[in-house]
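The exercises below concern charged and aromatic side chains in a single protein chain. Please work through each task with the coordinates open before reading its solution.

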Amino acid sequence: MNLFTRAASLRRPASPTSSQLPDDDAAFASSRDPALAALTGEWMIDPAHSRLGFSVRHAMVTTVRGAFTEYQSRLWFDGRDPSRSRAEIVLSTASVDTGVEQRDAHLVGRDFLDAATYPRMRFISKTVRLIDNEVYRMSGDLTIKSVTRPVDLELTYIGRVTDPFGYERVGFDGTTTINRSDWGLTYNARLAEGGAMVSEKVRLQFDIAAIRNGSAG
């Protein structure tokens, strides 16, 4: 099933003139590496070479790492004007994988993601800004358990290649930290020493290899 039927929100807008941009965005656009213009187009995350994951402190002294293994995506990157780039990612909450079956069952249960009631998480970008040479800040809305709140992702552009099979690929690394209770993930078991069993802070990590739509296969 195609989850991305709202094409209007992802359609490429007409290219603006520099006078239509805010002064700082216009300056960024005029100073971009010309090679980035070649990246303009629609892309999709390659699940075989990407990881949409998270890490969280457990029992105060260890870190649990996991990932969502099932998701769909649509990305529009504008190399001439990064502010016009867009992204939408929908993840299956039941696909969470931390490598421990019992822990995964707890995470998809009512204490945390409640996958039976809320089968999907969604991120939709709102704005993209270049903040350094190859670093972008993508701001958007993250929806978990019907709660939607804004988040800022820091994305670093890794590079672009054409693989031996003719697929054009780009790489990005991204991260942000959220407070899980802001999205209704309020499980609050305590340790005997008084600390939390699971930290409120969760680091989201995006290791993205995306393939251009229309690449040769």
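**Exercise 1.** In this predicted model, decide whether the pair D81 and R84 qualifies as a salt bridge, and establish whether D81 is buried or exposed.

*Solution.* Start with the distance: the closest N and O atoms of D81 and R84 are 3.6 Å apart, and since the criterion asks for a side-chain nitrogen of Lys or Arg within 4 Å of a carboxyl oxygen of Asp or Glu, the pair is a salt bridge. Next take the accessibility, where D81 has a relative value of 5% and, because buried means under 20%, D81 counts as buried. Applied to the structure, the salt-bridge rule gives a count of ten.

**Exercise 2.** Find the closest N and O distance in the salt bridge between R122 and E88, and state which strands hold the two residues.

*Solution.* The closest N and O atoms of R122 and E88 lie 2.6 Å apart. This pair links distant parts of the chain, with R122 in strand β7 (residues 120–130) and E88 in strand β5 (residues 86–92), 34 residues apart. As to exposure, R122 counts as partly exposed at 25% relative accessibility, whereas E88, at 2%, counts as buried.

**Exercise 3.** Describe the surroundings of D78, beginning with the loop in which D78 is found.

*Solution.* D78 is found in the loop between β4 (71–77) and β5, and with a relative accessibility of 4% D78 counts as buried. A polar atom of the D78 side chain lies 3.0 Å from the backbone nitrogen of R80. Once neighbours within four places in sequence are left aside, D78 is in contact with T40, R84 and S85.

**Exercise 4.** Classify the aromatic pair formed by F54 and F68 from its geometry, and explain which parts of the chain the pair ties together.

*Solution.* The structure holds five aromatic pairs. One of them joins F54 and F68, with 5.8 Å centre to centre and 50° between the planes; because planes under 30 degrees apart count as stacked and those over 60 as edge-to-face, with the rest tilted, the pair is tilted. F54 lies in strand β2 (residues 51–58) and F68 in strand β3 (residues 62–68), so the pair ties together parts that are 14 residues apart in sequence. F54 is buried, with a relative accessible area of 9%, and F68 is buried with a relative accessible area of 9%.

Methods:
Residues are numbered from 1 along each chain as its sequence is written. This is a predicted model: local features need pLDDT of at least 70, side-chain atom pairs count only at pLDDT 80 or more; totals for chains, interfaces and linings use all residues. Side-chain values use heavy atoms; hydrogens and water are left out. Buried means under 20% relative accessible area, exposed over 50%, partly exposed in between (1.4 Å probe, protein chains only). Helices (H or I, at least four residues) and strands (E, at least two) are DSSP runs, numbered from the N terminus. A polar contact is a pair of N or O atoms within 3.5 Å; within protein, one must be able to donate a hydrogen and the other to accept it, and residues adjacent in sequence count only if both atoms are side-chain atoms. Contact means heavy atoms within 4.5 Å. Rings of Phe, Tyr and Trp (its six-membered ring) pair if their centres lie within 6.5 Å; planes under 30 degrees apart count as stacked, over 60 as edge-to-face and the rest as tilted.
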